[in-house]
Amino acid sequence: MKFDISKFIKPWVMEIEPYIPGKTMKGYIKLASNENNYGPSQRVIEALQKGIEEVNIYPYRDEELRGKVADYCKVDRENVILGNGSDELMDLIFKIFKGPILGVNPSFSGYKIFTLALGEKYLEINLKEDFGFPLDEFIEKSKEANILILCSPNNPTGGVISEEDIKAVLDQGKITVVDEAYYEFYGKSFVPLISEYPNLIVLRTFAKAFALAGLRIGYAISNSGIINALYKVKPPFNVNSLALVSAIAALDSKDYMKTTVERIKIDREILFRELSKKFKAFRSEANFILMDVSPIKATEFFENLLKKGIIVRAFGKFSGFVGEYVRISVGTSEENRKLIEALEDI
C-alpha cells in the first residue's frame, strides 16, 4: 500500500529540527550533557533496588515527593507540580498558555522545538556579544509575545540574569518561565518571587545536581492557580515509580548532593583557568564551561578529543555570533585532569 504521510501530518511539524543529544559511548569520558558524573547517593541506589519490587503497580508517591520538594524550595505543596523531566513541564506550559513565545539565542533548543510542535510562533533575540542578557531589547520584543522563557544559569553559556532584570521582565505582565535546571551550582533562585509575581513559573530538575538524568524527573513552582491549570493537561501517572522513589531519596540525602556540587564548583574554577590558557572561555555559574575554540573548527576539536576517549559538545557557530563554540561539562576531578592532559597537544 502506498502511503503519503504529508497528507496527514501537521505541516509545521516537518519544519522542526529534532533535538540531538550529546553523544554517549561506553568506556569514554562523557563531558557532553552536563550530568553529575559522581552519580547519585547510596541512599538513591538503595531506593532504586527496593523500588523494583513495586514496578507492577502504578506510581503512587507523587504527593509525598511534592511535599518534600515544597520543603526543599520553601513553598507550599500546592505551588508544586512534578513532571517527566522539566521538559514535559515546558510542554504543558506551552500547551495551556497562548503564544507567541519569546526566548534568547543561544539557549536550550528544546524551547523552540516545544513551541513549533504546537504550531505556535517562536521569537528570539540574541544575547549580547559577551552573552550577557539584553534587558532593554528583550522587554521591547516581549510586546509581541505572551510567554517569555529564560534560563538562568543559561545553557549553553553559563551566564545568569540579575534579580533586578528578572523583575523588570516580570513587570511586563507576561507569563514568564525561568528554567533553573542548574540552580544548585549557582545558589541563587527566583522562587521567592512567586509570592510577588503571579505570572512567574520556575522550572527545576533532578537531572543535574542530583544525578538522576536517566530517570527523567523535574518540577515546576508557581502560584496555585497556574499549578492547577497545568494539572488539567498533565497525563496520568506521568512520573514513573523509580523516578519518584529516587527523587525522594535524593532529597533525603541532600548533604551528598551538596558535597558533589561543591567539588564540581571548585573544579569548575580550575578548569576555567586551564581552558583560558588556550581558548576563549566564558565564566559559568553552572556545571559546564562554554568556549570559543576558533580558529579550530568545533567539529575538529570534538574529533580530536574523541580520539583520546573524551566526549564534549560541539555547537559550532551560533547564529549572530562569531566563533566556533564547544561546551565542556565539569566531570569528576580525575576526568577533568585527563581532559586537561588531552588538551595539551590540541
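## Exercises on a sheet and its helices

Leu123 is found in strand E4, and the structure in which the exercises follow this residue and its surroundings is a predicted model.

**Exercise 1.** Decide whether Leu123 counts as buried or exposed, and list the residues that Leu123 touches beyond its sequence neighbours.

*Solution.* Begin with the accessibility: the relative value for Leu123 is 8%, and the cut-off for a buried residue is under 20%, so Leu123 counts as buried. Next come the contacts, leaving aside residues up to four places away in sequence: Leu123 touches Pro100, Ile101, Leu102 and Gly103, and also Lys141, Glu144 and Ala145. Finally, for a distance along the backbone trace, take Asn105, which is 18 residues from Leu123 along the chain, and whose C-alpha atom is separated from that of Leu123 by 9.8 Å.

**Exercise 2.** Work out the strand order of the open sheet of seven strands, and state which strands are its edge strands.

*Solution.* Reading across the open sheet, the order is E2-E8-E7-E6-E5-E3-E4, and the pairing is mixed. The edge strands, each of which pairs on one side only, are E2 (80-83) and E4 (122-126). From one strand to the next, the twist averages 25°. Within this order, E6 (residues 175-179) and E7 (residues 200-205) can be examined as a pair: their sense is parallel, and four bridges join them. As a point of register, Asp179 stands opposite Leu203 in E7.

**Exercise 3.** Find which strands helix H3 and helix H8 lie across, and give an angle for each helix.

*Solution.* Take H3 (residues 85-96) to begin with: this helix lies across E2, E3 (101-105), E5 (147-151), E6, E7 and E8 (218-221), and runs at about 155° to E7. Then take H8 (residues 224-233), which lies across E2, E6, E7 and E8, and runs at about 35° to E2.

**Exercise 4.** Describe how helix H2 packs with helix H9, giving the angle, the handedness and the residues that meet.

*Solution.* The axes of H2 (residues 62-73) and H9 (residues 241-251) are 10 Å apart, and the helices pack at an angle of about 30°. That angle makes H2 roughly parallel to H9, and the crossing of the two helices is left-handed. On the H2 side, the residues in contact are Asp62, Glu64, Leu65, Lys68, Val69 and Tyr72, which meet Leu244, Ala247, Ile248 and Leu251 in H9. Sorted by class, this contact of H2 with H9 has seven nonpolar and three charged residues, and no polar ones.

Note on methods: Residues are numbered from 1 along each chain as its sequence is written. This is a predicted model: local features need pLDDT of at least 70, side-chain atom pairs count only at pLDDT 80 or more; totals for chains, interfaces and linings use all residues. Side-chain values use heavy atoms; hydrogens and water are left out. Two strands pair if DSSP finds at least two bridges between them. Axes are lines fitted to C-alpha atoms, for helices over the stretch in contact, and angles run from 0 to 180 degrees between N-to-C directions. Contact means heavy atoms within 4.5 Å. Angles under 35 degrees count as roughly parallel, over 145 as roughly antiparallel, 65 to 115 as roughly perpendicular and the rest as oblique. A crossing is left-handed if the near helix is turned anticlockwise from the far one by less than a right angle, and right-handed if clockwise. Ala, Val, Leu, Ile, Met, Phe, Trp, Tyr, Cys and Pro count as nonpolar, Asp, Glu, Lys and Arg as charged, and the others, Gly among them, as polar. Buried means under 20% relative accessible area, exposed over 50%, partly exposed in between (1.4 Å probe, protein chains only).
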